[in-house]
Amino acid sequence: MTAPCCSVKIEAMNDEQTAAGEARAAKHAALADVVRLHIVDLLGDGDLSPGELRTTLGISSNLLAHHLNVLEAAGLVARSRSEADRRRSYVRLLPDPTVTRAPTVSAAERVVFVCTANSARSQLAAALWQQASSIPVASAGTHPASAVAAGAIATARRHRLAFTPATPSALTAAALDPRDLVITVCDSAHEELAGADQLHWSIPDPVPSGSDEAFDAAFEDLAHRVDDLAHRLQSA
């Protein structure tokens, strides 16, 4: 006779396996559509607004909303409101090792991270990239601040990241080359550049809050994205 405690454990394990199986099935079902698969590929390296997706896909707003709802319900994408234009939102692909997607970029001579002030996110991203890849990196701002935020320095120290703060500089001083990969890590910079960047990562600005939690959240988001891209990007 099976002991009651063992029976309860087996039932709990079966319930967990069933739930996990249903979640996997939902993801596979969501991706069994060519448009939704294309959306996942488009979001492979960066975030896009529904308007940007609609323009690329050439479909109506209603049809895009349907596909995004299916992907969101399956836990494949998430949407967030733009920090710059609150009427705008961005869609990002959620991390999932079971989902393969085609990269949107494959090679670069240099990676240039851009935010508005070049005082936190772009500088941390450049330091993380330098640690993860041999491809040269730089950072810049559309409206550079006078100094690097103290919170960014403290965050790098907490996470033991080799970080030498550089005086914030303007994007115009970055001497961009067509072979550079420009990545905006700030909604304001992305919207201001209006397509001059190749990738956009919609990462909330931790500076207004100034809290360790806000800076750590930005750092962890940057670290995940940098690590993911660095493993796939080739030197031009």
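This report describes the fold, the nonpolar cores, two helix packings and a few individual loop residues of a predicted protein model.

Local features are reported where pLDDT is at least 70 and side-chain atom pairs count only at pLDDT 80 or more, whereas totals for chains, interfaces and linings use all residues. Residues are numbered from 1 along each chain as its sequence is written, and side-chain values use heavy atoms, with hydrogens and water left out.

## Overall architecture

The protein has eight helices and eight strands, these elements being DSSP runs numbered from the N terminus (H or I over at least four residues for helices, E over at least two for strands). Along the principal axes, the C-alpha atoms of the protein fill a box of roughly 75 × 45 × 35 Å. Of the 236 residues, 42% are buried, where buried means under 20% relative accessible area, exposed means over 50%, and partly exposed lies in between (1.4 Å probe, protein chains only). Among contacts with a separation of 6 or more, 69% join residues 24 or more positions apart, a contact being heavy atoms within 4.5 Å.

## Nonpolar cores

A nonpolar core is here a set of buried Ala, Val, Leu, Ile, Met, Phe, Trp, Tyr and Cys residues joined through side-chain atoms within 4.5 Å. The largest one holds 43 residues, and those that touch the most other members are F113, W129, L181, I183, W201, L229 and L233. At least two residues of this core come from each of β4 (110-115), α5 (121-132), β5 (137-141), α6 (150-158), β6 (180-184), α7 (187-193) and α8 (212-230). Helix α8 provides the largest share, with seven residues. Apart from this core lies another, of 19 residues, which includes L42, A74, V91 and L93.

W201, one of the core residues named above, is found in the loop between β7 and α8, and W201 is buried, with a relative accessible area of 0%. Leaving aside residues up to four places away in sequence, W201 touches D45, G46, D47, F113, I183, T184, V185, C186, L222, R225, V226 and L229. The C-alpha atoms of W201 and D187, which are 14 residues apart along the chain, are separated by 7.9 Å.

## Packing of helices α2, α3 and α4

For the two packings below, axes are lines fitted to C-alpha atoms over the stretch in contact, and angles run from 0 to 180 degrees between N-to-C directions. Angles under 35 degrees count as roughly parallel, over 145 as roughly antiparallel, 65 to 115 as roughly perpendicular and the rest as oblique.

Helix α3 (residues 50-57) and helix α4 (residues 61-73) have axes that come within 10 Å and cross at roughly 110 degrees, which makes α3 roughly perpendicular to α4. The contact involves P50, L53, R54 and L57 of α3 together with S61, L64 and L68 of α4. These residues divide into five nonpolar, one polar and one charged, where Ala, Val, Leu, Ile, Met, Phe, Trp, Tyr, Cys and Pro count as nonpolar, Asp, Glu, Lys and Arg as charged, and the others, Gly among them, as polar.

Helix α2 (residues 34-42) packs against α3 at an angle of about 120 degrees, with the axes 11 Å apart, and α2 and α3 are therefore oblique to each other. On the α2 side the contact is made by V35, H38, I39 and L42, and on the α3 side by L53, T56 and L57. The residues of this contact comprise five nonpolar, two polar and no charged.

## Loop residues

Most residues other than glycine have a negative phi. A175 has a phi near 50 degrees, a positive value in a residue other than glycine, and A194 likewise has a positive phi of about 50 degrees although it is not a glycine. The table places these two residues beside P136.

| Residue | Loop | Relative accessibility |
|---|---|---|
| A175 | between α6 and β6 | 61%, exposed |
| A194 | between α7 and β7 (199-200) | 67%, exposed |
| P136 | between α5 and β5 | 45%, partly exposed |

P136 touches E109, R110, V111 and W129, not counting residues up to four places away in sequence. The C-alpha atoms of P136 and V111 are separated by 6.4 Å, although the two residues are 25 residues apart along the chain.
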